[in-house]
Amino acid sequence: MAKKKVVEADKTTEEKIKEAARTVFMKKGYAGTRTRDIAEEAGLNLALLNYYFRSKEKLFEIVMMEKMQKLFGIIAPILNDSTTTLEKKVELAADTYIHMLLENPDLPIFVLSEIRNNPERFASKVQAGKLIQDSHFVKQIKEKRPDMNPLHFVTSFLALIVFPFIAKPVLQDAANLSPKIFNAMMEERKALIPLWFKALMKAK
């Protein structure tokens, strides 16, 4: 019984540290974060943090992979479903992605900032290029538009979904958008993006 309590305590402490790391890394990024900041956020001493996680890099890798999985992982099953049409994939991906980003609006800026700071780490861990290039989604685009590089369509599609969240502070300031109105606009995009993508596929 005592051993079980120790294991449970270890899991609780580890999760507390990881949660604190998520919070601090999202605020300050990798370069601006010290292990002491994470320890303070977790309400633990630095020695205890170092006992569970030997380095800031190890903690960041855990947090970053969680964020990468959230940003890229949810779309892979949709893009690789061989039973759905191209149009249905676009509809499902737009709906799923926007829903996730509304719940995690700071995620794109954090991930893109860290990708820029360490592109090699991103490329080796996520292999997003392979995920996209080998997808059934790209195969369908090639079949429908063999005259054009499918990455044009993939890039435009992702931009239609992700860019508003990256530009959210500018959009809110320039157009005086409240968070409620911004969220309503993003909900509208779930229906608009499939229409725009369909028009893009027909453009010459």
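Modeller: Helices in this account are DSSP runs of H or I with at least four residues, strands are runs of E with at least two, and both are numbered from the N terminus. The model under discussion is predicted.

Colleague: How far apart do the end C-alpha atoms of residues 149–167 lie?
Modeller: UniProt, in an unreviewed entry, lists these residues as "transmembrane region". The span is 89% helix and 0% strand. Its end C-alpha atoms are separated by 27 Å.

Colleague: For the residues that UniProt lists as "DNA-binding region", what is the distance between the end C-alpha atoms?
Modeller: The unreviewed UniProt entry places that feature at residues 34–53. Helix accounts for 75% of this stretch and strand for 0%. The C-alpha atoms at its two ends are apart by 13 Å.

Colleague: Which pattern does the protein chain follow when read along the sequence?
Modeller: The protein chain contains 13 helices and 0 strands. Read along the sequence, its pattern is therefore written with helix symbols alone. That pattern is α-α-α-α-α-α-α-α-α-α-α-α-α.

Colleague: What share of the contacts with a separation of 6 or more comes from residues 24 or more positions apart?
Modeller: The protein chain has 204 residues, and buried residues make up 39% of them. Its accessible surface is about 12,000 Å², with 57% of that belonging to carbon and sulfur atoms. Among contacts with a separation of 6 or more, the share from residues 24 or more positions apart is 69%.

Colleague: Is Thr13 buried or exposed?
Modeller: Thr13 lies in helix H1, residues 2–28. Not counting residues up to four places away in sequence, Thr13 touches Leu44, Leu48 and Tyr52. The relative accessible area of Thr13 is 16%. Because the cut-off for burial is under 20%, Thr13 counts as buried.

Colleague: Leu48 is one of the residues that Thr13 touches; how far is Leu48 from Glu14, C-alpha to C-alpha?
Modeller: Leu48 belongs to helix H3, residues 46–52. With a relative accessible area of 29%, Leu48 is partly exposed. Leu48 and Glu14 are 34 residues apart in sequence, and their C-alpha atoms are separated in space by 10.0 Å.

Colleague: Which residues does Leu160 contact, leaving aside its neighbours within four places in sequence?
Modeller: Leu160 is located in helix H11. Its relative accessibility is 22%, which falls between the 20% and 50% cut-offs, so Leu160 counts as partly exposed. Leu160 and Trp196 are 36 residues apart in sequence, with a C-alpha to C-alpha distance of 8.9 Å. Leaving aside neighbours within four places, the contacts of Leu160 are Arg189, Ile193 and Trp196.

Colleague: Which helix gives the most to the lining of the largest cavity?
Modeller: The largest cavity has a volume of about 70 Å³. Of its 10 lining residues, Ile75, Leu79, Ile132, Val154 and Leu158 are the closest to its centre. Helix H9 (128–133) and helix H11 (150–166) each supply at least two residues of the lining. With 3 residues, the helix that gives the most is H11.

Colleague: How many charged residues are in the lining of the second largest pocket?
Modeller: The second largest pocket has a volume of about 170 Å³. Its lining has 13 residues, and those nearest its centre are Glu87, Lys144, Pro194, Phe197 and Lys198. By class, the lining of this pocket has 7 nonpolar residues and no polar ones, and its charged residues number 6.

Colleague: Which helix supplies the largest share of the lining of the second largest pocket?
Modeller: Helix H6 (86–103) and H13 each supply at least two residues of this lining. The largest share is 7 residues, and it comes from H13.

Colleague: What is the phi of Asn176?
Modeller: Asn176 sits in the loop between helix H12 (168–174) and helix H13 (179–202). Asn176 is exposed, because its relative accessible area of 68% is over the 50% cut-off. Most residues other than glycine have a negative phi. Asn176 has a positive value, and its phi is near 55°.

Key: Residues numbered from 1 in each chain as written. Predicted model: local features only at pLDDT ≥ 70, side-chain atom pairs only at ≥ 80, totals over all residues. Heavy atoms only, no water. Buried < 20%, exposed > 50% of the residue type's maximum accessible area, 1.4 Å probe, protein only. 1 Å grid on protein atoms, 1.4 Å probe; cavity = no way out; pocket = protein on both sides within 12 Å on 5 of 7 lines; lining within 4 Å. Points joined across faces, edges and corners; volume = space filled by probe spheres on them. Nonpolar A, V, L, I, M, F, W, Y, C, P; charged D, E, K, R; others polar. UniProt positions renumbered as here; feature names shortened; annotations may be inferred. Contact = heavy atoms within 4.5 Å. Areas by Shrake-Rupley, 256 points an atom, 1.4 Å probe, with all protein chains shown as cover.
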